[in-house]
Amino acid sequence: MDSGTSAIELALRALGIGPGDEVITPANTFIASVLAISYVGATPVLVDVEPGTANIDPRLLEQAITERTKAVLPVHLYGQPADLAAVQEICDRHGLELVEDACQAHGATYRGKRAGGFGRVAAFSFYPAKNLGAYGDGGMVVTDDPAVAEEMRLLRNYGSREKYYHEIRGYNRRLDTLHAAVLHAKLPHLDGWNEARRRHAASYASALASLPVELPAEHPDSGHVYHLYVIRAPDRDALRAHLTERGIATGVHYPLPVHLQRAYRDLGHREGDFPVTEALARQILSLPMFPELTEEAIGRVAEEIAAHTRGLDPAGGPRAASKGGIDLP
Ligand SMILES: *Cc1c(COP(=O)(O)O)cnc(C)c1O
């Protein structure tokens, strides 16, 4: 597929989801999850997340089900699978499709099984910054349903099985061959890279343990692959400014929740509708995280966070140039 967004969209199309249908997804996600629902003409129904993992809260998910609900699109945010047993159980009981947005979770596991193997269809993104990235946009769907696989092959290739004969009005959403070659070369390294990310997360956890920031929570059933390492800090903006000044790049994923975006004004939400998501948006900070990160760099990030929380400056002034910067991927 040509992107993760296309992967989600065509997965929903292949399942026959369209106008009049509702698809439930977390309020705390990258907007592409929600856009894909809109593209097929269905209505996105947002629910709040669990404060620890920042993933969809199964209790709230169940409350959001109506007679129009057709599918649930849990997002494995930051590389940690959502509580899939709980989500699957609710989907089974209500006869709903489970489609995984695994766009941040290549190689992650839930109870020892890979993300992407739970829903009837799952979507991955190969955007360059993801744990497995092409040199440009790319995406993939996985399914164990041959009929869905066949439909998806038609949808991504002009609705054509045999060249110049078109069974449905499909799209051009193929993965570029060049990117396929890049991904083919990189795939064998994915597990090693994810292991490195997990080691860095453990190093961050011990380096930051005594500081007044909240560390990412690992769900006991999940094998997190740390696409992002996201802490929570009450004075996030000041901390972020301090780190930026010291040459340490950070991110906020994401600063404005979907329900407060102008693009989704018509959903009729207001501030206060998803309090956990909104609190996260104010406090989250993504620290540098990529396989090649060093212990030394992690130590420096922790040192600067400590310095900020003490109101001190161990470097004795703004940005010690000799120390160099630490970038996001
Ligand atoms: C990246 C991402 C997408 C979309 O993938 P693209 O390849 O950028 O289209 C969808 N959902 C989530 C959670 C993502 O992180």
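**Close-up 1. Two helices contribute to the ligand shell.** Helix H1 (4-14) and helix H2 (31-39) each provide at least two residues of the shell around the ligand. In this predicted model, the biggest share comes from H1, which gives three residues to that shell. Sorted by class, the shell around the ligand holds eight polar, five nonpolar and two charged residues. The place to look for the ligand is the largest pocket, where it sits.

**Close-up 2. Polar side chains meet the ligand.** Let's move in on the residues that surround the ligand. There are 15 of them, and those that come nearest are Gly4, Thr5, Gln104, Ser125 and Lys130. Thr5 has a side-chain N or O atom 2.5 Å from an oxygen atom of the ligand. Ser125 also places a polar side-chain atom by a ligand oxygen, here at 2.6 Å. With Asp101, the partner is a nitrogen atom of the ligand, which lies 2.8 Å from a polar atom of the side chain. On its own the ligand would expose 380 Å², and the protein buries 93% of that area.

**Close-up 3. Arg93 and Glu89 form a salt bridge in helix H4.** Here we turn to a charged pair. The side chains of Arg93 and Glu89 meet with an N to O distance of 2.7 Å. Both belong to helix H4 (residues 84-94), and because they are four residues apart there, about one helical turn separates them. Side chains of opposite charge can pair when their charged atoms come close. The count of salt bridges in the model is 17.

**Close-up 4. A cis peptide bond links His253 to Tyr254.** This view is worth a pause at the backbone. The peptide bond from His253 to Tyr254 is cis, and its omega is near 15°. Tyr254 belongs to the loop that runs between helix H8 (236-245) and helix H9 (275-283). For context, most peptide bonds are trans, and most residues other than glycine have a negative phi.

**Close-up 5. Tyr78 has a positive phi.** Our last stop is another tyrosine, Tyr78, in the loop between strand S3 (69-72) and H4. Although Tyr78 is not a glycine, its phi is positive, at about 65°.

How values were computed: Residues numbered from 1 in each chain as written. Predicted model: local features only at pLDDT ≥ 70, side-chain atom pairs only at ≥ 80, totals over all residues. Heavy atoms only, no water. Near = heavy atom within 4 Å. Polar contact = N/O pair within 3.5 Å; in protein donor to acceptor, adjacent residues only side chain to side chain. Areas by Shrake-Rupley, 256 points an atom, 1.4 Å probe, with all protein chains shown as cover. 1 Å grid on protein atoms, 1.4 Å probe; cavity = no way out; pocket = protein on both sides within 12 Å on 5 of 7 lines; lining within 4 Å. Sits in = over half its atoms within 2 Å of the grid points. Nonpolar A, V, L, I, M, F, W, Y, C, P; charged D, E, K, R; others polar. Salt bridge = Lys/Arg side-chain N within 4 Å of Asp/Glu carboxyl O.
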